[in-house]
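Trainee: Could you take me through one part of this model in detail? I would like to look closely at the sheet and at what packs around it.

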Amino acid sequence: MSTLHDCMCADAAHAAMKRAWLIGAGPGDVELMTLKATRALAQADVILVDDLVNPDVLQFARADACIVYVGKRGGHPSTPQHGIVEQMLAHLNEGRSVARLKGGDPFVFGRGGEEQQALHAAGVDVEIVSGITAGIAAPAAIGIPVTHRDHAQGVVFVTGHGAGTSEPDWAALAATRMTLVIYMGMRRLNDIVGALLAAGMSAQTPCAAIESATRPEQRHALATLGDFADAVARAGLGSPAIVVIGGVASLAKDVR
Ligand code: SAH
């Protein structure tokens, strides 16, 4: 992994604060990145990349840009959050423009909000470049419209990662007529399905899980809630995946 010292490549002659961006790289398919994101990447001296980001998007970076991988995957060690912000501040202080590149949208999970707060606290005005979040793009990739009005009054983006006090209130969520779109839900899928069924959600509720959406290796499983955890296990699906629970999942097409 590159360190601050490896990144002296860019022109650091002037110590004035340069630009900082928090950029959403979209769900994977490079063509689903925004023009604004590609243009910001093309200006950055240093790019700090999360591991859900498709490395192909770095084709928009300058050839002399310094690329630093700071992500973690499924519980493996990564650069601590404060370490990432410290690296960004150090580069900015040295006069380098810094792009922080995150999967999907920078403000939908993935802790972009915390990074913005820390940068603001340090007096840095960071530009936010929105991206297409996996919670919309992954269902769409198999034809699921998350708010189709025949099936849902809205959509809830919820983390499946929380446990203990940060456990979502699945009983309350089961009682809404909202599509549930669950991020980071694969590891606890059995518990989540069990909680929804225990709360009275119908075992016939359509469900989908989409792994590596919009990438060539995209795969998915469709089932009703009663069979869903088994179907996902049979299909061998793992992270990163989006789980969709609700009537809209019945609109999925076997597109691949
Ligand atoms: N900021 C990101 C989400 C980060 S949380 C966004 O807006 O998309 C990480 C979770 O996002 C993963 O555990 C998975 O649930 C989901 N995810 C990200 N990219 C994905 C992809 N290409 N396919 C399926 N799920 C994805």
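Mentor: Happy to! A word on terms before we start: contact here means heavy atoms within 4.5 Å, and angles run from 0 to 180 degrees between N-to-C directions. Keep in mind that this is a predicted model.

With that in hand, look at helix 1 (residues 35-43), which lies across strand 1, strand 2 (46-49), strand 4 and strand 5 and runs at about 140 degrees to strand 1. Helix 2 (residues 81-93) also packs on the sheet, where it touches strand 1, strand 2, strand 3 and strand 4. The direction of helix 2 makes about 155 degrees with that of strand 4.

Now for the sheet itself. It is open, has five strands in the order 3-2-4-1-5, and its pairing is parallel. Strand 3 (66-69) and strand 5 (126-129) form the edges, each pairing on one side only. On average, neighbouring strands are turned by 20 degrees against each other, direction ignored.

Let's zoom in on one pair within it. Strand 1 (residues 20-24) and strand 4 (residues 98-102) run in the parallel sense and are joined over five bridges. In this pair, tryptophan 21 stands opposite alanine 99 of strand 4.

One more helix pair deserves a look. The axes of helix 6 (residues 189-198) and helix 7 (residues 225-235) come within 9 Å and cross at roughly 175 degrees, which makes helix 6 roughly antiparallel to helix 7. On the helix 6 side, Leu189, Asn190, Val193, Leu196 and Leu197 meet Leu225, Phe228, Ala229 and Val232 of helix 7. The residues of this contact divide into eight nonpolar, one polar and no charged.

Technical notes. Residues are numbered from 1 along each chain as its sequence is written. This is a predicted model: local features need pLDDT of at least 70, side-chain atom pairs count only at pLDDT 80 or more; totals for chains, interfaces and linings use all residues. Side-chain values use heavy atoms; hydrogens and water are left out. Two strands pair if DSSP finds at least two bridges between them. Helices (H or I, at least four residues) and strands (E, at least two) are DSSP runs, numbered from the N terminus. Angles under 35 degrees count as roughly parallel, over 145 as roughly antiparallel, 65 to 115 as roughly perpendicular and the rest as oblique. Ala, Val, Leu, Ile, Met, Phe, Trp, Tyr, Cys and Pro count as nonpolar, Asp, Glu, Lys and Arg as charged, and the others, Gly among them, as polar.
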